[in-house]
Amino acid sequence: MKKIRYCKKCLFPETKPGLEFNEDQICTACQNYDDRSHIDWDERKKELMNILEKYKNKKENNWDCIIPVSGGKDSIYQVVKMLEFGMNPLCVNVAPCGPTDIGRKNMDLIKELGVDVLEFTTNRKLRKKLNKIGLIEVGDITWAEHAAVFTVPITVAVNYNIPLIIWGENSQNEYGGPVADSQKNVLTREWLLKWGGLLGLDSQILIEKYDVKKSELIPFEYPSDDELNRVGVTGIFLGYYIPWNSFSNFLISQAYGMEGYKYACEGSFLNSENLDTYYHGIHDYFKFLKLGFGRVTDQVNMAIRRGMLTREEGLKIVKLREGKFPISYLGKPLKEMLEEIDVTMEEFIEVCDKFTNKQLFLCDENGNLVKDKYGNLSKINYDNVEDNI
Ligand SMILES: [Zn+2]
């Protein structure tokens with residue numbers, strides 16, 4: 001049994017990979033956020049304008065930059081901003097597995113904004129196989145998707161000779177990775193391997209152990225250094241140059257026609273994100289099993305840092321909404337999602353138990369996880385023990 005320590009300002013636990021606490025037990029994500037008030041944002045904006053000017057195609061015979069887009073609030077915001085700055089982007093979308101109606105609608109909206117969009121769908125038959133392998137091997141059904149959303153836009157950059165890629169936020173800044181990584185303004189191969197969510201499952205394992213053909217993995221491969229250098233590919237995080245706020249990104253995207261879901265998504269307390277695929281529910285649940293926190297904590301923390309919720313209010317919301325067995329997502333039953341990848345409910349529960357960090361959840365005297373009749377676990381401590389509520 002392990003009593004997790006939490007940041008005293010937000011609700012991030014020490015189990016979060018890469019997160020560090022200072023001597024006051026304040027996490028790196030909160031420190032990064034506080035540092036934003038000392039940043040000269042006018043200066044950063046000038047830096048951004050210089051970069052855009054440098055990469056703008058003066059001959060008007062190629063696109064100025066690539067924007068990887070999912071159709072979500074952040075990608076709509078990125079497109080709106082780049083158009084505002086006079087750029088002519090090529091938007092690249094990697095079609096998700098288990099696409100939702102609302103996700104498709106929002107993706108279609110991007111096409112109405114006045115940009116070219118390239119949609120790339122990886123082999124769906126293979127993706128089902130990879131989703132099953134990802135779930136069983138590393139406890140992440142969206143492993144293949146997370147790989148492709150990084151590799152495909154970079155491959156497009158190489159093949160279309162468009163050096164500049166505009167990413168959204170540096171997830172290690174808002175979510176508190178180590179200092180060197182969270183203050184990066186460019187996305188490198190090193191960053192991707194470390195933080196891109198590949199969890200150590202690489203193509204060699206897929207080829208040797210699962211009989212996947214090398215040629216089937218082309219979209220999941222990162223271009224070689226030679227290719228990247230030839231084109232001079234540079235990926236920048238827009239959140240380094242403009243203060244990033246997911247809440248206002250949604251408001252702005254809504255003004256352009258983006259739709260939120262009709263209620264707060266399962267495993268979430270917002271209706272504005274993770275709308276593109278049904279698999280988000282399973283993905284976030286495994287994060288909860290492995291680390292003892294899920295997407296609700298991420299969302300609540302962003303609201304706490306921005307003064308929209310107190311820590312106590314956030315904690316109540318986390319207890320109410322986080323870590324429920326993912327019986328459905330956006331109304332789609334788990335059973336149907338599992339059938340698509342040829343996994344039974346029994347197998348799924350076995351995999352859940354395998355990836356659960358038993359030190360963080362209540363177990364009986366035999367060491368078995370205690371579950372309620374809906375399959376929900378009991379987390380041992382939701383807050384620091386000394387000031388436990
Ligand atoms: Zn914090």
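**Exercise 1. Overall size**

Find out how the radius of gyration of the protein chain compares with that of a compact globule.

*Solution.* Start with the chain length: this predicted model has 389 residues. For that length, a compact globule would have a radius of gyration near 21 Å. The protein chain has 21 Å, so the two agree. To add the extents, follow the principal axes: the C-alpha trace spans about 70 × 50 × 40 Å. Finally, look at what fills this space: the protein chain contains 18 helices and eight strands.

**Exercise 2. Two domains and their contact**

Work out how the protein chain is divided into domains, and which helices of domain 1 help to touch domain 2.

*Solution.* First, mark the bounds: domain 1 covers 41-241, and domain 2 covers 261-389. Next, count the residues in the contact between them: 23 come from domain 1 and 22 from domain 2. Now turn to the side of domain 1 that touches domain 2. Helix H4 (101-111) and helix H5 (124-138) each supply at least two residues there. The largest share, five residues, comes from H5. Last, sort this side of domain 1 by class: ten residues are polar, eight are nonpolar and five are charged.

**Exercise 3. Helices H3 and H13**

Decide how H3 is oriented relative to H13, and list the residues through which they meet.

*Solution.* Here is the idea to keep in mind: a pair of packed helices is described by the angle between their axes and the distance between those axes. Helix H3 (residues 73-84) and helix H13 (residues 246-255) pack at an angle of about 70°, and their axes are 8 Å apart. Angles of 65 to 115 degrees count as roughly perpendicular, so H3 is roughly perpendicular to H13. Their crossing is left-handed. On the H3 side, the contact uses Lys73, Asp74, Ile76, Tyr77 and Val80; on the H13 side, Ser246, Asn249, Phe250, Ile252 and Ser253. By class, this contact has five nonpolar, three polar and two charged residues.

**Exercise 4. Helices H15 and H16**

Do the same for H15 and H16: are they roughly parallel or roughly antiparallel?

*Solution.* Begin with the geometry: helix H15 (residues 295-305) and helix H16 (residues 311-321) pack at about 165°, with axes 10 Å apart. Angles over 145 degrees count as roughly antiparallel, and H15 and H16 are therefore roughly antiparallel to each other. The crossing of H15 and H16 is right-handed. Now name the partners: Val296, Thr297, Val300, Ala303 and Ile304 of H15 meet Arg311, Gly314, Ile317, Val318 and Arg321 of H16. Sorted by class, the contact of H15 with H16 has six nonpolar, two polar and two charged residues.

Key:
Residues numbered from 1 in each chain as written. Predicted model: local features only at pLDDT ≥ 70, side-chain atom pairs only at ≥ 80, totals over all residues. Domains from an automatic or database assignment. Helix = DSSP H or I, 4+ residues; strand = E, 2+ residues; numbered from the N terminus. Nonpolar A, V, L, I, M, F, W, Y, C, P; charged D, E, K, R; others polar. Axes fitted to C-alpha atoms, helices over the stretch in contact; angles between N-to-C directions. Parallel < 35°, antiparallel > 145°, perpendicular 65-115°, else oblique. Left-handed = near helix turned anticlockwise from the far one by under 90°. Contact = placed C-beta atoms within 7 Å. Rg over C-alpha atoms; globule rule 2.2 N^0.38 Å.
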